[in-house]
Amino acid sequence: MPAKKPKNAFYAQSGGVTAVINATACGVIETAKKYKNKIGKVYAGRNGIIGALTEDLIDTSKESAQAIKGLRYTPAGAFGSCRYKLKSLEQHRAEYERLIEVFQAHDIGYFFYNGGGDSQDTAHKVSQLSEQMGYPLTCIGIPKTVDNDLMITDNCPGFGSVAKYVAVSIREAGLDVASMAATSTKVFIMEVMGRHTGWIAAAGGLAAEKAGDAPHIILFPEIAFDPEKFLERVKFCVEKFGYCAVVVSEGVRNKDGQFLSDAGLRDAFGHAQLGGVAPVIAQLVKQQLGYKYHWAVADYLQRAARHIASKVDVEQAYAVGKAAVEFAVKGKNAVMPTIVRKPGKTYKWTIGQAPLAEVANKEKHLPANFITKDGFHITSAARKYLAPLIQGEDYPPYKNGLPQYVTLKNVAVKKKLKTKFEIKK
């Protein structure tokens, strides 16, 4: 009896990209090549899940081994990502059925979806539908989010590098402001990502190793903003240290639960499109205290900064991609690789797994014991958790003073379906 032809795999990147999501792609593609008896080609979705819906697939086998290897040190999404949420099976059944139709046309038996909570939900729903339709499809979610808010996994690939960038940036900016504070800027405010959770803002606290170090104040989404208490602390810091450096999460809310910076817009996932909290805080300082200020929004810079990525983060990002393929060939389905922190004084980690049903559409908030009682900084427990995640450097190759990143050819796979699928914007 002839051997069964190995099924192809589909891999897609979803949501906001990171400095290390391509390292995960590298882990998936390189590991899949080791299982040629079980996995045929690895197709990537151009612009994430949209590539599957529109049958716009990329043949990763057309890339050189050197180019795939280069993904490990290249930031952003090599195949393109998207913010496109597939809703419930009842609401968007036609979209899910279209996915199965495309997978069937291209003999795809493995689905690897690399993203956050919404993406894990999509992977879970696709696994349910494939079962209902009787189409054999192994669905593995792969964790990725700078927000570090996925459940069960100790931390999320992408977070460690953002944490390192934020801690380095506030330390360096703090030194800058301190040197000019006598005659110039007294207050510096740096806004970081984190719509509902304060993990990234908390990471800024790593820069403060002794009294007087920046940041002096951290504003978390988990703590309702109290203008009077905040201004009192700013005044105290300026008088004691000569200046005040603040890290503020974009998702900071007032006592009524409203975002301080809500622009009234919604993104593709239905989340509030935040309009910049740093200038709001800066204006408050100016109006009430009269101090000269500067503010900055780290924005895309924090998640794109591969030049200062955490080595631990890079290694974990590759490891979850590798594990996803290994799970799939072992017959595991509807699961996500997780990072498990081992007990002990020395930081060690291993790979575990979690059912997609327990990860999908859930958020892990900063624990209460990670925030000081006054609500303005991190505790030693937070520092113990965060510090290992920013360890080590993993520099990309440099040429003419600049990092050299990989650009893939992204050769399209020939379409097989006559019907086209229109994406609703």
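The points below concern a predicted model of a single chain, taken from its overall dimensions down to individual residues.

1. Overall size. The chain has 425 residues and a radius of gyration of 23 Å, which agrees with the value near 22 Å that a compact globule of this length would have. Along the principal axes, the C-alpha atoms fill a box of roughly 80 × 45 × 45 Å.

2. Secondary structure and contacts. The chain holds 12 helices and 15 strands. Counting contacts between residues at least 6 apart in sequence, 77% join residues at least 24 apart.

3. Burial and surface. Buried residues make up 56% of the 425 in the chain. The exposed area is about 18900 Å², and carbon and sulfur atoms supply 52% of that area.

4. Charge. There are 57 positive and 40 negative side chains. The centres of these two sets lie 6 Å apart.

5. Thr18. This residue sits in the loop that runs from strand S1 (7-13) to helix H1 (21-32). Thr18 counts as buried because its relative accessibility is 0%, the cut-off being under 20%. Its side chain makes two polar contacts with the backbone that follows: a polar side-chain atom of Thr18 lies 2.9 Å from the backbone nitrogen of Val20, and the side chain of Thr18 reaches the backbone nitrogen of Ile21 at 2.8 Å. Ile21 is the residue at which the range of H1 begins. Leaving aside residues up to four places away in sequence, Thr18 touches Pro75, Ala76, Lys144, Val146, Gly158 and Arg303.

6. Arg98 and Arg195. Arg98 belongs to helix H4 (residues 93-105), while Arg195 is in the loop between strand S6 (187-192) and helix H7 (199-204). Both are arginines that count as buried: Arg98 has a relative accessible area of 5%, and Arg195 has one of 18%. The value for Arg195 is to be read against the cut-off of under 20%. The two residues are 97 apart along the chain, and their C-alpha atoms are separated by 32 Å. Beyond residues up to four places away in sequence, Arg98 touches Leu53, Thr54 and Glu55, and also Leu417, Thr419, Lys420 and Phe421.

7. Cis peptide. The bond joining Ala214 and Pro215 is a cis peptide bond, with omega about 0°. Pro215 is placed in the loop between H7 and strand S7 (217-219). The cis geometry at this proline should be kept in view when the loop is read.

8. Positive phi at two asparagines. Asn400 has phi near 55°, a positive value in a residue other than glycine. Asn410 likewise has a positive phi, near 50°. Asn400 lies in the loop between strand S14 (398-399) and strand S15 (402-403), whereas Asn410 is in the segment after S15. Their surroundings fall into separate classes: Asn400 is exposed, at 74% relative accessibility, and Asn410 is buried, with a relative accessible area of 15%.

9. Val411. This residue also lies in the segment after S15. With a relative accessible area of 31%, Val411 is partly exposed. Val411 and Leu57 are 354 residues apart along the chain, yet their C-alpha atoms are separated by 8.4 Å. Leu57 is one of the residues that Val411 touches, the others being Arg46, Ile58, Asp59, Lys62 and Glu63, with residues up to four places away in sequence not counted.

10. Ala278. Ala278 lies in helix H9 (residues 278-289), at the start of that range. Its relative accessible area is 0%, so Ala278 is buried. Apart from residues up to four places away in sequence, Ala278 touches Ile189, Glu191, Val248, Trp295 and Ala296. Two of these, Ile189 and Glu191, have numbers within the range of strand S6 (187-192). Ala278 and Val312 are 34 residues apart in sequence and 30 Å apart in space, taken C-alpha to C-alpha.

11. Sequence distance against spatial distance. The pairs in this note run in opposite directions: Val411 and Leu57 are separated by 354 residues and 8.4 Å, whereas Ala278 and Val312 are separated by 34 residues and 30 Å.

Technical notes. Residues numbered from 1 in each chain as written. Predicted model: local features only at pLDDT ≥ 70, side-chain atom pairs only at ≥ 80, totals over all residues. Heavy atoms only, no water. Helix = DSSP H or I, 4+ residues; strand = E, 2+ residues; numbered from the N terminus. Rg over C-alpha atoms; globule rule 2.2 N^0.38 Å. Buried < 20%, exposed > 50% of the residue type's maximum accessible area, 1.4 Å probe, protein only. Contact = heavy atoms within 4.5 Å. Areas by Shrake-Rupley, 256 points an atom, 1.4 Å probe, with all protein chains shown as cover. Lys, Arg positive; Asp, Glu negative; His and termini not counted. Charge placed at Lys NZ, Arg CZ, Asp CG, Glu CD. Polar contact = N/O pair within 3.5 Å; in protein donor to acceptor, adjacent residues only side chain to side chain.
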